[in-house]
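Here's a quick tour of a two-part model, with a look at what packs against what. Have the viewer open as you read.

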Amino acid sequence: MTSARTALVALALTFAAPALADSNLPPAYWSDRQLPDPKQEAEAQALMAELRCLVCQGQSISDSNAELAGDMRDLVRRRIAAGQKPTEIRAWLVQRYGSWISYKPTAEPAAWPLWLAPLVLILVGGFLIRRRIRLGTRA
Amino acid sequence: MSRAVRFAPLALLLVLLAGLIWRLATPADTNVSSKLKDQPVPVFILGAALPTKPALSSSDLATGRPRLVNIFASWCVPCITEVKVLQQLKARGVTIDGIAVRDRSEDVADFLARNGDPYERIGSDPQSQVQISLGSSGVPESFVVDGRGVIRYQHIGPIEANEVPMILRTLEKAK
């Protein structure tokens with residue numbers, strides 16, 4: 001009896017939607033609708049793939065089902081349709097949330113190690129190979 | 001191979017482990033704070049969330065004295081407890097304006113009837129556009145706006161009862 005009840009509770013929990021985590025309003029108009037102009041839609045999609053979702057951090061807003069991500073997709077599409085450049089929209093968001101919001105690496109000092117790491121690794125690798133080859137010829 | 005080189009991998013492992021344990025013990029802050037602190041509130045005009053209460057626009061915020069702008073929603077659970085703290089702040093003379101995110105008029109009315117109403121004005125932000133333009137990433141969040149309409153402080157998450165003195169001090173400093 002108890003085990004059956006436990007199983008039932010576990011089953012119910014599996015399918016339970018998180019209560020009240022979302023609003024009662026439908027998704028924003030452009031959140032899941034493509035712009036009629038394919039060129040604009042392509043621009044919007046490229047930008048949305050590079051903007052980080054604020055709620056489910058680690059996903060882009062194009063991947064996320066969060067309502068705020070939907071509202072941000074709506075914002076991006078509306079602005080692109082109104083003729084704004086993707087760089088302007090990105091800058092507008094960065095002004096509000098910091099470079100955190102954008103997946104595109106920047107040239108700010110905090111990102112320098114990221115740019116320098118491949119160079120350093122190649123240098124270290126070259127050094128190791130050189131040593132190996134020298135040791136080999138001596139033997 | 002010299003002794004130092006032989007033990008290098010072990011040392012590296014220990015360093016890695018120490019780093020991992022440190023991060024587990026002190027988790028990183030995942031809050032995204034607004035970069036608009038010390039900048040004027042972006043221009044916005046919101047419709048009224050309730051027929052019985054004035055709407056909210058950015059021009060309503062530069063009134064010569066500091067105000068607390070609270071971003072909330074009827075569907076947000078922590079907001080229920082926060083409203084009671086906001087009532088305390090209101091009783092201490094704080095002017096509080098609300099931005100209801102993705103909400104319906106009847107739901108806001110029901111929420112306020114049930115939990116109390118500390119708001120002077122409430123604007124309705126049905127597609128989170130003003131929330132995004134403020135650099136806010138969730139509900140509840142609050143902004144202290146000074147008399148010139150400049151954002152002086154952002155509070156992420158509900159204002160707890162023990163944070164009332166801190167909020168009052170922040171408002172005092174924003175005068």
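Two residues count as being in contact here if their C-beta atoms, placed from the backbone, lie within 7 Å. With that in hand, and keeping in mind that this is a predicted model, take Ala100(B). Skipping its neighbours within four places in sequence, Ala100(B) is in contact with Ala49(B), Phe72(B), Ala73(B), Val108(B), Ile122(B), Ser124(B) and Asp125(B).

**The cores**

Where does Ala100(B) fit in? It's one of the residues with the most contacts inside the largest nonpolar core. That core has 37 residues, and Leu68(B), Phe72(B), Ala73(B), Ile99(B), Val139(B) and Val145(B) are also on the list of those with the most contacts. Several elements of chain B each supply at least two residues of this core: strands E2 (67-72), E3 (96-101) and E5 (141-145), along with helices H2 (77-91), H3 (105-115) and H5 (164-173). Apart from this core lies another one, of 19 residues, and its members include Met48(A), Leu51(A), Tyr97(A) and Ile132(B). As a general point, nonpolar side chains in soluble globular proteins tend to be buried together.

**Where the chains meet**

On to the contact between the chains: 21 residues of chain B are in contact with 20 residues of chain A. Which element of chain B gives the most to the side that touches chain A? That's helix H4 (residues 129-133) of chain B, with three residues. By type, that side of chain B splits into seven nonpolar, nine polar and five charged residues.

**Chain A**

Chain A has five helices and zero strands, so to speak an α-α-α-α-α pattern when read along the sequence. Of its 139 residues, 22% are buried. Among contacts in chain A with a separation of 6 or more, 52% are between residues 24 or more positions apart.

How do H2(A) and H4(A) pack? The table has the geometry.

| Feature of the H2(A)–H4(A) pair | Value |
|---|---|
| Angle | about 35° |
| Distance between axes | 10 Å |
| Handedness of the crossing | right-handed |

Here H2(A) covers residues 38-48 and H4(A) covers residues 86-97. Glu43(A), Ala46(A) and Leu47(A) on H2(A) meet Pro86(A), Ile89(A) and Arg90(A) on H4(A). The residues of this contact are four nonpolar, no polar and two charged.

**Confidence**

Chain A has a mean pLDDT of 87, with 85% of its residues at 70 or more. Among the elements of chain A, H2(A) has the highest mean pLDDT (97), while helix H1 (residues 2-15) of chain A has the lowest (64).

Key:
Residues are numbered from 1 along each chain as its sequence is written. Chains are lettered from A and ligands numbered from 1 in the order in which they are written. This is a predicted model: local features need pLDDT of at least 70, side-chain atom pairs count only at pLDDT 80 or more; totals for chains, interfaces and linings use all residues. A nonpolar core is a set of buried Ala, Val, Leu, Ile, Met, Phe, Trp, Tyr and Cys residues joined through C-beta atoms within 7 Å. A residue is buried if 20 or more other C-beta atoms lie within 10 Å of its own, exposed if 12 or fewer, and partly exposed in between; C-beta atoms are placed from the backbone. Helices (H or I, at least four residues) and strands (E, at least two) are DSSP runs, numbered from the N terminus. Ala, Val, Leu, Ile, Met, Phe, Trp, Tyr, Cys and Pro count as nonpolar, Asp, Glu, Lys and Arg as charged, and the others, Gly among them, as polar. Axes are lines fitted to C-alpha atoms, for helices over the stretch in contact, and angles run from 0 to 180 degrees between N-to-C directions. A crossing is left-handed if the near helix is turned anticlockwise from the far one by less than a right angle, and right-handed if clockwise. pLDDT is the predictor's confidence in each residue, from 0 to 100.
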